[in-house]
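User: I've got a model open and would like to talk through one of its helices, then the chain around it. Can you take me through it?

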Amino acid sequence: MAALTLDTIDIVNPDLYVQRGYPHAEWALLRREAPIHYYQRPDVDPFWAITRHADIVNVSRQPGLFRSIQQLFITVNEPDSPPPDEAILRQLLNMNPPEHAAFRGVVNRRFTPRSVQQLTAGIERITTEVLDAIVGHDECDFVTAVSATLPLAVIAEMFGIPRADWPLMFRLSNEMIGPTDPEYAGSETVTETLERARMEFFQYFNGLVEDRRKNPRDDLSSALANGLVNGEPLPIFELMSYFALLIIAGNETTRNATTGGLHAFISNPDQWEKLKRDPALVPKAVEEIVRWTSPVIQFTRKATADTELGGHKIREGDILTLFYPSANRDESIFAAPNQFDITRHPNQHIAFGIGEHFCLGANLARLELQVMFRHLVERLESVELAGPVQRMRSSFVGGIKHMPVRLRVRPRQ
Amino acid sequence: MRVVVDHSLCEGNGRCVEAAPGIFELRDDDLSYVIEEQPPQSLRAKVDLAVSLCPRQAIRIIED
C-alpha cells in the first residue's frame, strides 16, 4: 500500500467507510502531523479536520465561538442531496445556547442516572426475550436479531409506541440516518428518501401528540406533547423533530456499539475470556466498547468570529469537524490506544461528546450495553463470524448493517 | 480552593461522584452537591478530574 500523505488521504468519502471501516491510519497521521488540518478536495466543501482529544474538548467547550449548525457532518458532495444549510430536522443537535438548554430541559430529567435506573427491569426483560429468540439457532444476523432489537424496544417503550409499530420506527430511522446507503434508499434519491421518511415520521408522531394531549401518560410522548419551552408549547416542527431525534439517536448508536462490541470480542478472544472469568468487569468493558466503536464519527461546528486554534488562524464562517473516533485513539490520552482492553481505567473517551451537547442518552446507552453484555457473557457459549460485516454507507454514523455469526446461546436458567 | 456546582447546568450525570466521592454527592433531586466545599489541596487531582469529566461543565474551582 502506498504511503499515506496529508494531501491525498480521504476521511469523508462514505464509500471508504463501507469498504474499510474507520480510517484509523489516516486519523493517526493527522494527529501526528496536522492535528488541525484544512482539508480541501474537489468534491468536498473545505473544513478544518480536528483529530486530537484536547482540541475537540477545547472546541466543544466553547459553544458560543464554535456554533452547531444545520449541516451536522461533512461528506462528499453527491447529486440529489439536500443543500447543506437546509435543516431536515430542527432539534437539539443543531441548536445553540440559550435555546439549546431550554429545549433540552423538556426531557433531560428522564435521562439522568436515577431515572434511567428505573428502566433496568424492563431492559433485563427485553434482553432475555431477545436472546431466548435465538436459542437453538446455529446462525443469525447479529444486528437484526440482537443489536437492533434491544435499543429500539427500549426507546419505543419509553415513548409508549405499540410493538406493532416498532418495525416502522426501525425502517424510518435507517432511512433518516442512512439515506446515502442503497439498501435504505432503494430507487429514491437522497433528498427523496429524507423527505419521505420525515413525512412518515411526522404523520406518526402527530398521532401520538394528539392522543397524549387528550390522554397524557407517564411516557416521553406525553412529556414532549405537553412540554413547555419558556412557558410555551413546542412549535410543531421542533416538536416533531424532537420525537425523530430521540427515536433515531435512541436506536442507531447503541445498536452499533453492541455489534461493534461483540465484533471486538470475536477479534480479541482473550478479552472475552477475561470478561467470562470476571463479569464484574462489565461496566469497564462497556466504556471500552464505547471508546473502541465510537459510533458517531463526526459533528461539525462553525466559527462565529476570527480566532486562533493551535497556531492556526480560523476565520469567521469556517467549518470545523470533530472526529470523535480519532480522539478516542489519541496516543497522548490513552496508553496503547489501538488495543481493545476491557480493564482500561480511567477511560476518558469522548464518544458521547462533551460540554453543551453531551449525549442526552449516555446513561441509557451505558445501561443497555451493560445489561446486554452481562447477558451475553452468561449465555453465549460460542460465537464466530460466519461472513463479512456489511457497513453502512455513511461518514456520519459508523453503522454495521449486518454481521452474520455462527453462535450457540444457552437456554435461560 | 472552593468548589461550586452550577445547578442550571448540572444534569446529575454523576461523573463527579465517581471521580471524587468525598467531595460530591447526588441527592434526591438528581443534582450533584458539593459536600466538601473547601477541599484540601491534597485532593486537587480528584477535583480536577471531576471538573474535566463533567460532561456539562457544571463544576467550577474558585481559587483562594
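User: Let's start with H15(A): how many of its twelve residues are buried?

Analyst: Keep in mind that this is a predicted model. Burial here takes 20 or more other C-beta atoms within 10 Å of a residue's own. On that count H15(A) is mostly covered, and the buried residues include A:Val282, A:Trp292 and A:Thr293. The number you're after is ten.

User: And which helices are included in what covers the buried residues of H15(A)?

Analyst: The buried set has A:Ile289 and A:Val290 in it, along with A:Glu287, A:Glu288 and A:Arg291. What covers these buried residues includes three stretches of chain A: 236–267, 269–277 and 362–379. By name, those are helices H13, H14 and H17.

User: How far apart are the end C-alpha atoms of helix H15 of chain A?

Analyst: The helix runs over residues 282–293, and at 1.5 Å a residue its twelve residues should span 16 Å. The model agrees with that, because the end C-alpha atoms are apart by 16 Å.

User: Which residue just after H15(A) takes a positive phi?

Analyst: Look just past the end of the helix, where A:Thr293 is still among the buried residues. The phi there is about 35°, and the residue that takes it is A:Ser294.

User: Zooming out, what is the radius of gyration of chain A?

Analyst: Chain A has 17 helices and 14 strands. For its 413 residues the globule rule gives 22 Å, and the chain comes close to that, so it is as compact as a globular protein of that length. The value itself is 21 Å.

Definitions and conventions. Residues numbered from 1 in each chain as written. Chains lettered and ligands numbered in written order. Predicted model: local features only at pLDDT ≥ 70, side-chain atom pairs only at ≥ 80, totals over all residues. Helix = DSSP H or I, 4+ residues; strand = E, 2+ residues; numbered from the N terminus. Expected span 1.5 Å × (residues − 1). Contact = placed C-beta atoms within 7 Å. Rg over C-alpha atoms; globule rule 2.2 N^0.38 Å.
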